[in-house]
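Q: I am new to this structure. Please look closely at one part of it, the backbone and its loops, and then relate that part to the rest.

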Amino acid sequence: MTVLSPTRPAPMPADRDGLDALLAALRAARSEIGHSVLGQEAIVEQLLIGLIAGGHVLLEGPPGAGKTLLVKTLAEVTGLSFSRVQFTPDLMPADITGSLVLTPEADGRNVLKFQPGPIFTQLLLADEINRATPRTQSALLEAMQERTVSAAGTSMPLPQPFCVLATQNPIEMEGTYALPEAQIDRFMFRIDVGYPSAETLAAILQATTGAEQPVARQVLTPEQILALQASVRTVTIAEHVRRSVALFALATQPSAPGASAEVQRFIRFGLSPRGALALVLAAKAHALLAGRFNVAFDDLRAVLLPALRHRVQLNFEGSAENVSLEALVGKLFEQSVRAVA
């Protein structure tokens, strides 16, 4: 298989002055998105954390909650190239990745050339991802993990940074295909997007039904996002904090030695090593966004549920008993923190 060279070298982490400027630009992006997407401050912050941590994000919410607007506004504010793919049952993998097509040459001959699909972008909106078949959903696996697309014996790098933001609707489940565990584990976060409060809805009606519509300005660049992603990995995490994450991941696995009776009875899948890695990276990004350069337990608490709610799954008995997954995960995490104190 031929492997094409990456599009650009990996960026170096910024120095302190440069990092201060990057963080100022990131906070300006958070504020700019907030001018168009009202009342979703926590969701916007989680989305930016996922972006600078180099992760992909699954947005789950009912129709009309503003998921697509949120993604499009993020693209405008960051200057990332943007593509949207509407996932449907008849969507084929080649509709996303691209395919070989006959192309006429100057000498009149027709030759097969690869025509890149919409995945060759920096920000991909996979809209209603659970409406495509598992075969089509799996077309994203290599891109999300390796940042490459393989076709016709060639592995092609995707533009950097590359981020998949997928949406799914938890209400209309007829004709949908649940994301397989291998697919859903590649999302760093699952962010639940709900309907706004009455006060927020009134503000949205005021802002969007007049003659002028809010327009988002670009305040961040793709190069700055790459530098932020490199800087996130320089945030330190103390040995005992790192060990608490390892203990916590094992505590969620029903087959692990020492798993509690509650976990063995109610949990189907626990936190994978990839999930633990995502939790630490997200906590580093949360610390950096707050202007700190080391991970505290509160950083882990802040990103715990978005990083875990789609990975740790209840079994049939847990669902039948209405076990609160969020409460159980929170209890296991605090036990792990106490174990290293």
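A: A residue is called buried when its relative accessible area is under 20%, exposed when that area is over 50%, and partly exposed in between. At 23% relative accessibility, Glu 128 falls between those two limits, so Glu 128 counts as partly exposed. The model is a predicted one, and every value here is computed from it.

Glu 128 is a place to begin for another reason. Its phi is near 55°, a positive value in a residue other than glycine. Glu 128 sits in the loop that runs from strand 6 (123-127) to helix 5 (134-137).

Arg 147 can be set beside it. Arg 147 also has a positive phi, about 60°, although it is not a glycine. The loop that holds Arg 147 lies between helix 6 (141-146) and strand 7 (148-151). The relative accessible area of Arg 147 is 18%, which is under the 20% limit, so Arg 147 is buried. Glu 128, at 23%, counts as partly exposed.

A further backbone feature belongs to a proline. The peptide bond that joins Gln 160 and Pro 161 is cis, with omega at about -5°. Pro 161 is placed in the loop between strand 8 (154-157) and strand 9 (163-168).

Next come two threonines whose side chains reach backbone atoms. Thr 252 is in the loop between helix 10 (239-251) and helix 11 (261-266). Its relative accessibility is 1%, so Thr 252 counts as buried. The side chain of Thr 252 reaches the backbone oxygen of Ala 249 at 2.7 Å. A polar atom of that side chain also lies 2.8 Å from the backbone nitrogen of Leu 271. Leaving aside neighbours within four places in sequence, Thr 252 is in contact with Val 263, Ile 267, Phe 269, Gly 270, Leu 271 and Leu 332. Leu 271 therefore appears twice for Thr 252: its backbone nitrogen lies 2.8 Å from a polar side-chain atom of Thr 252, and Leu 271 is on the list of contacts, where contact means heavy atoms within 4.5 Å.

Thr 78 lies not in a loop but in helix 3 (residues 67-78). With 0% relative accessibility, Thr 78 counts as buried. Its side chain reaches the backbone oxygen of Ala 75 at 3.5 Å. Residues up to four places away in sequence not being counted, Thr 78 touches Leu 51, Gln 218, Leu 220, Thr 221, Pro 222 and Ile 225.

Ala 75 also leads back towards the start of the chain. Ala 24 and Ala 75 are 51 residues apart along the chain, and 18 Å separates their C-alpha atoms. Ala 24 is a residue of helix 1 and counts as partly exposed at 45% relative accessibility.

After helix 1 (16-36) comes the loop to helix 2 (41-52), and Leu 38 has its place there. Like Glu 128, which has 23% relative accessibility, Leu 38 counts as partly exposed at 23%. Apart from its neighbours within four places in sequence, Leu 38 is in contact with Thr 200, Ala 203, Ile 204 and Ala 207. Between the C-alpha atoms of Leu 38 and Ala 238 there are 37 Å in space, and the two residues are 200 apart in sequence.

Another pair involves helix 4 (residues 93-97), where Ala 94 has its place. Ala 94 is partly exposed, with a relative accessible area of 38%. Its C-alpha atom is separated by 18 Å from that of Glu 146, 52 residues apart along the chain.

These parts belong to a chain with 15 helices and twelve strands. The radius of gyration is 21 Å, close to the 20 Å that the globule rule gives for 341 residues, so the chain is as compact as a globular protein of that length. The C-alpha trace spans about 75 × 45 × 45 Å along its principal axes. Of the 341 residues, 48% count as buried; Thr 78, Arg 147 and Thr 252 are among them. Of the contacts between residues at least 6 apart in sequence, 77% join residues at least 24 apart.

The surface and the charges remain. The chain exposes about 16000 Å², and carbon and sulfur atoms supply 56% of that area. There are 28 positive and 32 negative side chains, and the centres of the two sets lie 5 Å apart.

Terms used
Residues numbered from 1 in each chain as written. Predicted model: local features only at pLDDT ≥ 70, side-chain atom pairs only at ≥ 80, totals over all residues. Heavy atoms only, no water. Helix = DSSP H or I, 4+ residues; strand = E, 2+ residues; numbered from the N terminus. Rg over C-alpha atoms; globule rule 2.2 N^0.38 Å. Buried < 20%, exposed > 50% of the residue type's maximum accessible area, 1.4 Å probe, protein only. Areas by Shrake-Rupley, 256 points an atom, 1.4 Å probe, with all protein chains shown as cover. Lys, Arg positive; Asp, Glu negative; His and termini not counted. Charge placed at Lys NZ, Arg CZ, Asp CG, Glu CD. Polar contact = N/O pair within 3.5 Å; in protein donor to acceptor, adjacent residues only side chain to side chain.
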